[in-house]
Amino acid sequence: MRESPCGGPGEPLTAAPRATAGDTQPPCACPGRSHRGRAWAELLRLPALFSVPGDALAGTAATGASPNTRTLLAIASSLCLYEAGMALNDWADRDVDAVERPHRPLPSGRIRPAAALTAACALTGAGLALAAGAGRPALTVAAPLAATVWAYDLGLKHTPAGPVAMGAARGLDLLLGAAATSGTTRPALPSAALLGTHTLAVTTVSRQEAQGGSPLPPLAALATTALLTRLVTRRSSRGPTRDRRPATGYRPAGRRAGRFPGQDSGALLTTALTAAYAATTARPCFHATLNPSPPLTQRAVGAGIRATIPLQAALTARSRGTATALLIAAFAPLGARFAKKVSVT
């Protein structure tokens, strides 16, 4: 147990005190600003934000372009749309959370539903405006991304199409970075498909995290992790398919003929990052397969969200964005550190 803000032993800070019918004053006389800040951090799941910038950066790397100011606008747009989805998610699920997760900010009364909906609308508008600032190609991707987020939260979440919609949203987020930076999305489509597939698997597991259920979703996520690990590392070992011969036409003999300096190091970095991705998600999914209880399932979902970062970094390294891949990888320990204070699920 942690100390309550009043200085004595109390409930964990994730649980809000409940007022009785006759209460006219808050149960604690301490200032409520920190309470409100924590409530909004829980609503928006702030630690999960560390998994967002890597989308745009991986999309940029897939096009062969270098990050620029438009890439930063794409990242800012992604962050706004991601947080809009978080606020809208809790607004749409407030009645369900009142039964399954009464400690969440809306059912506990720490944030009003109207405030959450207003935040979702404002963040969506800001995200679209930032994408427009990055150019028409970026806005062309951001608009269906925003529509997918709203459609998922308001209607598709509890249907068989829900995980597909969530995977599509993550893939579109990667394409947003490609479109903003280079004006094209075609080179980034394979990376978007791989990242979207991972998100689809994690979302499928998350559908039973409150009550537990079948071992099949975490088992399928485990198989997906193995498949993606194989696909990413196999593509990396082949190296880029364009410009592999030296400009002079001379082709040295040997197995490493025609490779650029740094190509081997890029492949090694891709392999290491892909191994980190697999290590992050495999064990929790295996445990959830053996015992699909709510705690183990929630742990598997949290691991899947965190595993998004090394997967983004691996996809970036595969596209020879070594420095950018290392930058993305640096988000992982930061996300894990803040996730200890605020849950990402």
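Which helix is Ala 193 found in? Ala 193 is found in H8. Helices here are DSSP runs of H or I, at least four residues long, strands are E runs of at least two, and both are numbered from the N terminus. We will come back to H8 shortly.

First, some ground rules. This is a predicted model, so to speak of local features we need a pLDDT of at least 70, side-chain atom pairs count only at pLDDT 80 or more, and totals for chains, interfaces and linings use all residues. Residues are numbered from 1 along each chain as its sequence is written, and side-chain values use heavy atoms, with hydrogens and water left out.

How confident is the predictor? pLDDT is its confidence in each residue, from 0 to 100. The mean for the protein chain is 84, and 80% of residues reach 70 or more. Two stretches score low. Over residues 1-31, pLDDT stays under 50, and the model has 29 contacts there beyond four places in sequence. Residues 239-258 are also below 50, with 15 contacts beyond near neighbours in sequence. Contact means heavy atoms within 4.5 Å.

Now the overall picture. The protein chain has 13 helices and zero strands. Of its 345 residues, 45% count as buried. Buried means under 20% relative accessible area, exposed means over 50%, and partly exposed is in between, using a 1.4 Å probe and protein chains only. The accessible surface comes to about 17000 Å², and 62% of that belongs to carbon and sulfur atoms. Those areas come from the Shrake-Rupley method with a 1.4 Å probe, and for residues only the protein chains shown count as cover. Take the contacts with a separation of 6 or more: 74% of them join residues 24 or more positions apart.

Next, the inside. How many residues does the largest nonpolar core have? It has 42. A nonpolar core is a set of buried Ala, Val, Leu, Ile, Met, Phe, Trp, Tyr and Cys residues, joined through side-chain atoms within 4.5 Å. Among the residues with the most contacts inside this core are Leu 145, Leu 176 and Leu 311. Helix H7, residues 162-182, gives the largest share of this core, eight residues. A second, separate core has ten residues, including Ala 39 and Leu 106. Back to Leu 176. Leaving out residues up to four places away in sequence, Leu 176 touches Ala 74, Ser 77, Ser 78, Ala 138, Val 141, Ala 142 and Leu 145.

Now H7 meets H8. H8 covers residues 189-206, and the two axes come within 7 Å and cross at roughly 145 degrees. Axes are lines fitted to C-alpha atoms, for helices over the stretch in contact, and angles run from 0 to 180 degrees between N-to-C directions. The crossing is right-handed. Handedness works like this: left-handed if the near helix is turned anticlockwise from the far one by less than a right angle, right-handed if clockwise. The contact includes Arg 170 and Leu 174 of H7, and Leu 195 and Thr 199 of H8. Our opening residue, Ala 193, is partly exposed at 45% relative accessible area. Its C-alpha atom lies 9.2 Å from that of Arg 170, and the two are 23 residues apart along the chain.

On to H2, residues 53-63. Is this helix mostly covered or mostly open? Mostly covered: eleven of its eleven residues are buried. Just after H2, Gly 64 takes a positive phi of about 85 degrees.

Who touches H2? One partner is Thr 316, in H11. Thr 316 is in contact with Leu 57, Ala 58 and Ala 61, among others, leaving aside its neighbours within four places. At 0% relative accessibility, Thr 316 counts as buried.

A second threonine, Thr 281, lies in H10, residues 263-290. Thr 281 is buried too, at 2%. Beyond four places in sequence, Thr 281 touches Thr 225, Ala 303, Gly 304 and Ala 307.

Last, two arginines. Arg 45 sits in the loop between H1 and H2. Its phi is positive, about 50 degrees, although Arg 45 is not a glycine. Arg 45 is buried, at 5%. Arg 320 lies in the loop between H11 and H12. Its phi is also positive, near 70 degrees. Arg 320, though, is partly exposed, at 28%.

Key: pLDDT = per-residue confidence, 0-100.
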